[in-house]
Amino acid sequence: MKAMREIAVIGVGQTRVDEHWDKSLRELAGEAALAALNDARRESVDAIYVGNMLSGSANHQQHLGTWLADWIGLRYSEALRLESACSSGGSAFRAGLMAVASGELESALVVGAEKMTDSPNAEITATLATAADADWELEQGLSFVAINALVMQRYLHEYGWKHNDFANFSINAHANAMKNPNARFQEALSESGYQKSPMVSDPINLMDASPMGDGAAAAVLVPADTLASSHSPLITVVGSASATDSIAVHSRRDPLWLRAAESSAAEAYRQAGVKPEEIDFFELHDAFTIMAALSLEACGFAERGQGPRLALEGDIRPDGRIPIATCGGLKARGHPVGATGMYQIVESVLQLRGQASGVQIDGARIGMAQNIGGSGSNIVTHILKRA
Ligand code: COA
């Protein structure tokens, strides 16, 4: 953070990502929030920030700040909800971070929560699409899968990759999720399973896409200098930045370059004083395999047009140069949209503590989490470090 107080994450909590037909959005959010407070050994906080995208239409509930404060017994705290499409969780975390780092607050609880499976998939698909450009993209009947399919089609055409070159992104995510009890899918994926998977929107097949799901994840933030010097392990946030791009993909000079990922990562690297080579793992936003490739390129892990090479050569695996989706990623842990950014933070904290909920990366000391809203139009990047 720029000239502000150093912030530590002292508690985390999460629910499993699943089709939670027996739990309401309120129960999921409350479960993650109370688990984080319990982990932090705190009973209260100065403020609550809730990241969520769809609750107004999917759950007929707005006003999530007050709603959650009331449910978890913190009725008189400050509380609000933040929405920036699929990066709502990351945006809420950054808001809580800035509030505590500035000195305005002494503590914050950040919760990402989403419940997608109470509504038919077609309804959720239509609601998700409202985060694209209604006049220029929705008007043409595009969904987010279709927008990403157009980008992937163009990518294959420009750089000469074959669809199968993306298989290892999904295979790695599924393999890592098998170690994560909180993941939506815990089945291995083979190359032939990837190839034979049903087509959703050419060239995106079912195994290129993240699933719908329900879940919540939460973290408690305090200034690091208020903790006892013996506090261990101390996990701090050393970089935080956010950037936007055009809301419609066709308005970009280069639709195959995530400029908001590049600039938010560059600012986070600058604040943290690290280079991409020093990042031990990267919780990226693999909502679709093409997004994983573009994110790796924009953040400096691969040359332009070379993202799939990292998957083909094993660099993204737990023992590779830049492990990604260590707990399954969006593809296999699941993507309850407004909660995803907070899952990435929780998984990063646990990874740095040496308590990964998925595959533990030996000696992990610096981790990066990047949450993408829309088709690359709102991107939040955080770098966390174990002292
Ligand atoms: N990967 C693996 N399996 C998946 C899956 C995925 N991404 N999505 C669904 N499945 C499985 C389900 O578990 C279910 O299995 P089962 O029959 O054994 O229970 C089966 O496929 C059918 O599930 P269903 O939810 O009915 O699938 P669907 O065909 O209606 O939807 C997608 C599949 C990919 C179209 C949908 O999940 C989707 O739109 N994903 C993208 C969401 C999105 O755009 N998010 C925002 C990104 S910016």
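## A nine-stranded sheet and two domains

Helix α9 (residues 259–272) lies across three strands, β8 (235–244), β10 (366–373) and β11 (378–386), and runs at about 150° to β8. This description rests on a predicted model. Another helix, α3 (residues 64–71), lies across β2 (47–51), β3 and β4, and its direction makes an angle of about 130° with β3.

The strands named so far belong to an open sheet of 9 strands with mixed pairing, in the order β3-β2-β4-β7-β1-β8-β11-β10-β9. At its edges stand β3 (78–82) and β9 (281–283), each of which pairs on one side only, and neighbouring strands of the sheet are turned by 25° against each other on average, with direction ignored. Strands of a sheet pair through backbone hydrogen bonds, either parallel or antiparallel. Strands β4 (residues 108–115) and β7 (residues 214–223) run antiparallel and are joined by 8 bridges, with K115 of the chain standing opposite D214 in β7.

The domain assignment divides the protein chain into two domains, whose centres, taken over C-alpha atoms, are separated by 22 Å. The table sets out their bounds and their shares of the contact.

| Domain | Residues | Residues in the contact |
|---|---|---|
| domain 1 | 7–120 + 213–226 | 42 residues |
| domain 2 | 127–209 + 237–386 | 37 residues |

Between them the domains bury about 3000 Å², 63% of it on carbon and sulfur atoms. In domain 1, Q14, V17 and C86 lose the most area to domain 2, together 22% of what that side buries. Across this interface there are 2 salt bridges and 15 residue pairs in polar contact. R184 forms a salt bridge with E19, where the closest N and O atoms are 3.3 Å apart.

Technical notes
Residues are numbered from 1 along each chain as its sequence is written. This is a predicted model: local features need pLDDT of at least 70, side-chain atom pairs count only at pLDDT 80 or more; totals for chains, interfaces and linings use all residues. Side-chain values use heavy atoms; hydrogens and water are left out. Two strands pair if DSSP finds at least two bridges between them. Helices (H or I, at least four residues) and strands (E, at least two) are DSSP runs, numbered from the N terminus. Axes are lines fitted to C-alpha atoms, for helices over the stretch in contact, and angles run from 0 to 180 degrees between N-to-C directions. Contact means heavy atoms within 4.5 Å. Domain bounds come from an automatic or database domain assignment. Buried area is the accessible area (1.4 Å probe) that two parts lose on being put together, summed over both. A salt bridge is a side-chain nitrogen of Lys or Arg within 4 Å of a carboxyl oxygen of Asp or Glu. A polar contact is a pair of N or O atoms within 3.5 Å; within protein, one must be able to donate a hydrogen and the other to accept it, and residues adjacent in sequence count only if both atoms are side-chain atoms.
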